[in-house]
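Below are some notes for a colleague who is opening this model for the first time. They are arranged as numbered points, each of which can be checked against the sequence and the structure.

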Amino acid sequence: MVQAEESIAIPGRQTAPQVRVGLAELFSVFLYIGATSFGGGVIAYLREHLVERKGWLDEDHFLAALEIGETVPGLISTNVAVIVGSRLRGVRGALVAVSGVILPGAIAVFLLGLLYARFKGDPEVDATLAGIGAAAVGLIFAVTLQIGRRELKRWQDFLILVPVFALVGVIHISLVPVLVVFVPIAVQLNRPNQEELATYHARQAEYHAQLAQHHENVAAQHSAGDKA
Amino acid sequence: MKTLVGLVNVFALLSILAVGGGTAVLPQMKHETVVMHHWVTADQFADIYSLGQLSPGPNMNMVAIIGYKVAGPAGAILVLIAFYLPSCTLVFAVSKAWEHFEGSPWRDAVQRGMAPITIGLMLSGVYAIGRTATFNLDHSMRHNSITVAISLLVTLILLRRHINPALLILAGGAVGWFALRMV
C-alpha cells in the first residue's frame, strides 16, 4: 500500500485552496467591490469581502497577495485581484476578478467624463471640480505619508527616496532610466547579511534532504508492494 | 490609427512602470499626455484625475477619459486594456514565482529596497497633480490659499481619523463650489 496522503511540511509551498468558487460568483463579488469602493481604499474592501465575508482565503494569504501586489508594478488593487482570482480559479479567475473590479468604476468615470465635457466652463462646475481636485491631492498625500510611516525604517531609505523624487517629480526624467539605476542600488543597500543567507541555505538544504528521504520512502514502499 | 497606436504605446509602458501603484506614474502620464502628445491640457488632466477620485474602484480608471477624448469609444477601451493588461500579466507571472522564493532573504531585500522608490514616486505623483490642483501659479493667491487649505485639511483629517475618503472628496467639492465660484 502506498501512503499517498503522507504530507511533509514544505516551506514556501502554499496549500491549494479548499474552497471551490464559481466563476459567476467570483465575478459578482469583485463587481460589487468595484462598484462600492469609493475613495480609493479598494484594498480594505477586498479584505473585508474576500477574507471576512466570503472566507475565500485567510488573512495570511491575503497579506501575501498584498505584499506581491505592492512590490510588482501595476495598481495594487488590480494586482491583488489577479492574484486572488488566479489562486481560486486560474487564468479565467484572474480575468474575471480584474474585469469585475475595474468595470463599474470605468463606466462611472466614463459617464462623469461625458458630463465634464458638457458642463466644462460653467463657473459652478469648475469651482466644484477645483475643490474636488484639491481634496484628491490631500487624499493621495495622506496615503503616501501613511505608507511612508509604515515602510521607511532606516535613514538610508532617504538616500533613495530623495533623488527618485527629485529626478521624477521635479526634473521629469523618464521612469525607465530612473528605475534601471535605482532598483539595483536599493536592493543592494538592503542585501541580506551573511548570517541570513547561511540560515536560509541551511533551511533549504534541510528541506531538500527531507524531500529526498520522502521520495526514498515512497520508492521503498512501492518495491515492497511489488514483491508482495 | 496612428493615434490609437500612440495611445496604446504610452499607456502600456506606464502600466509596467507603475511601481507602487497608479500615483507613481502620474508625473510621466501628465508629461506624456500634456507636453509630448498634447492630448489634454494640464488643467484638463487635473480635472480628469479628480473625476477618477469621484468614481469607485481602482483610482486610475480615469485613463479611459483620456482615451475617449483622443479617439472616442475605441480609444477608451483600448487605453483601459493597454493600461491594465501588461501589469496584470506581469503580476500573474510573478505571483507564481513568488511562492518559490518564500523565506529567501533576497526576496525581503527586493521588498525593502522597493519601498523608498515607491514612496519617492508617490510623492512625485502628489507633486505633479498638486502643482495644478493645489498650488497653481496661474491662479490668484486667494484661489490658491483656498485649495491649499482644502488639501492640507483633508491630509490632516485622514492621518488622524478613520473616515471614508470619498466623503472628504465630496466635502472638498462642496467647499470649492461655495468658496471658489467668485475667485
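1. Read along the sequence, the elements of chain B follow the pattern α-α-α-α-α-α-α, and its secondary structure comes to 7 helices and 0 strands. Taken along the principal axes, the C-alpha trace of chain B spans about 60 × 45 × 25 Å.

2. What is shown is a predicted model, and it scores ipTM 0.90 and pTM 0.83. For chain B the average pLDDT is 92, with 99% of the residues scoring at least 70.

3. Chain A has 8 helices and 0 strands, and from the N terminus on its elements run α-α-α-α-α-α-α-α. The C-alpha atoms of chain A fill a box of roughly 90 × 45 × 30 Å along the principal axes. The radius of gyration of chain A is 25 Å, whereas a compact globule of 228 residues would have one near 17 Å.

4. Confidence in chain A deserves a separate reading: the average pLDDT is 87, and 90% of the residues score at least 70. Among the helices of chain A, confidence is highest in α1(A), at a mean of 95, and lowest in α8(A), at 86. Over residues 1-14 of chain A the pLDDT is below 50, and this stretch has 20 contacts in the model beyond near neighbours in sequence. Any reading of the placement of residues 1-14 of chain A should keep that pLDDT in view.

5. Within chain A, helix α3 (residues 59-71) packs against helix α4 (residues 76-119) at an angle of about 130°, and their axes are 8 Å apart. Angles over 145 degrees would count as roughly antiparallel and those from 65 to 115 as roughly perpendicular, so α3(A) and α4(A) are oblique to each other. The crossing in which α3(A) passes α4(A) is right-handed.

6. Which residues form this contact? From α3(A) come Ala65(A), Leu66(A), Ile68(A), Gly69(A) and Glu70(A), and they meet Ile76(A), Asn79(A), Val80(A), Ile83(A) and Val84(A) in α4(A). By class, the residues of the contact of α3(A) with α4(A) divide into 7 nonpolar, 2 polar and 1 charged.

7. The contact between the two chains takes 90 residues from chain A and 97 residues from chain B. On the side of chain A that touches chain B, at least two residues each are supplied by α1 (23-36), α3, α4, α5 (123-151), α6 (157-170), α7 (175-189) and α8 (194-227). The largest share of that side, 23 residues, comes from α5(A). Sorted by class, the side of chain A that touches chain B has 54 nonpolar, 27 polar and 9 charged residues.

8. One helix pair across the two chains can be followed in detail, namely α4(A) with helix α3 (residues 42-54) of chain B, whose axes come within 9 Å and cross at roughly 140°. That angle is below the 145 degrees over which a pair counts as roughly antiparallel, and α4(A) and α3(B) are therefore oblique to each other. The crossing of α4(A) and α3(B) is right-handed.

9. In this pair, Val109(A), Leu112(A), Gly113(A) and Tyr116(A) of α4(A) meet Asp47(B), Leu51(B), Gly52(B) and Leu54(B) of α3(B). The contact of α4(A) with α3(B) has, by class, 5 nonpolar, 2 polar and 1 charged residues. Helix α4(A) thus takes part both in the packing with α3(A) and in the crossing with α3(B).

Definitions and conventions: Residues are numbered from 1 along each chain as its sequence is written. Chains are lettered from A and ligands numbered from 1 in the order in which they are written. This is a predicted model: local features need pLDDT of at least 70, side-chain atom pairs count only at pLDDT 80 or more; totals for chains, interfaces and linings use all residues. Axes are lines fitted to C-alpha atoms, for helices over the stretch in contact, and angles run from 0 to 180 degrees between N-to-C directions. Helices (H or I, at least four residues) and strands (E, at least two) are DSSP runs, numbered from the N terminus. Angles under 35 degrees count as roughly parallel, over 145 as roughly antiparallel, 65 to 115 as roughly perpendicular and the rest as oblique. A crossing is left-handed if the near helix is turned anticlockwise from the far one by less than a right angle, and right-handed if clockwise. Two residues are in contact if their C-beta atoms, placed from the backbone, lie within 7 Å. Ala, Val, Leu, Ile, Met, Phe, Trp, Tyr, Cys and Pro count as nonpolar, Asp, Glu, Lys and Arg as charged, and the others, Gly among them, as polar. pLDDT is the predictor's confidence in each residue, from 0 to 100. The radius of gyration is taken over C-alpha atoms; the globule rule is 2.2 Å times the number of residues to the power 0.38.
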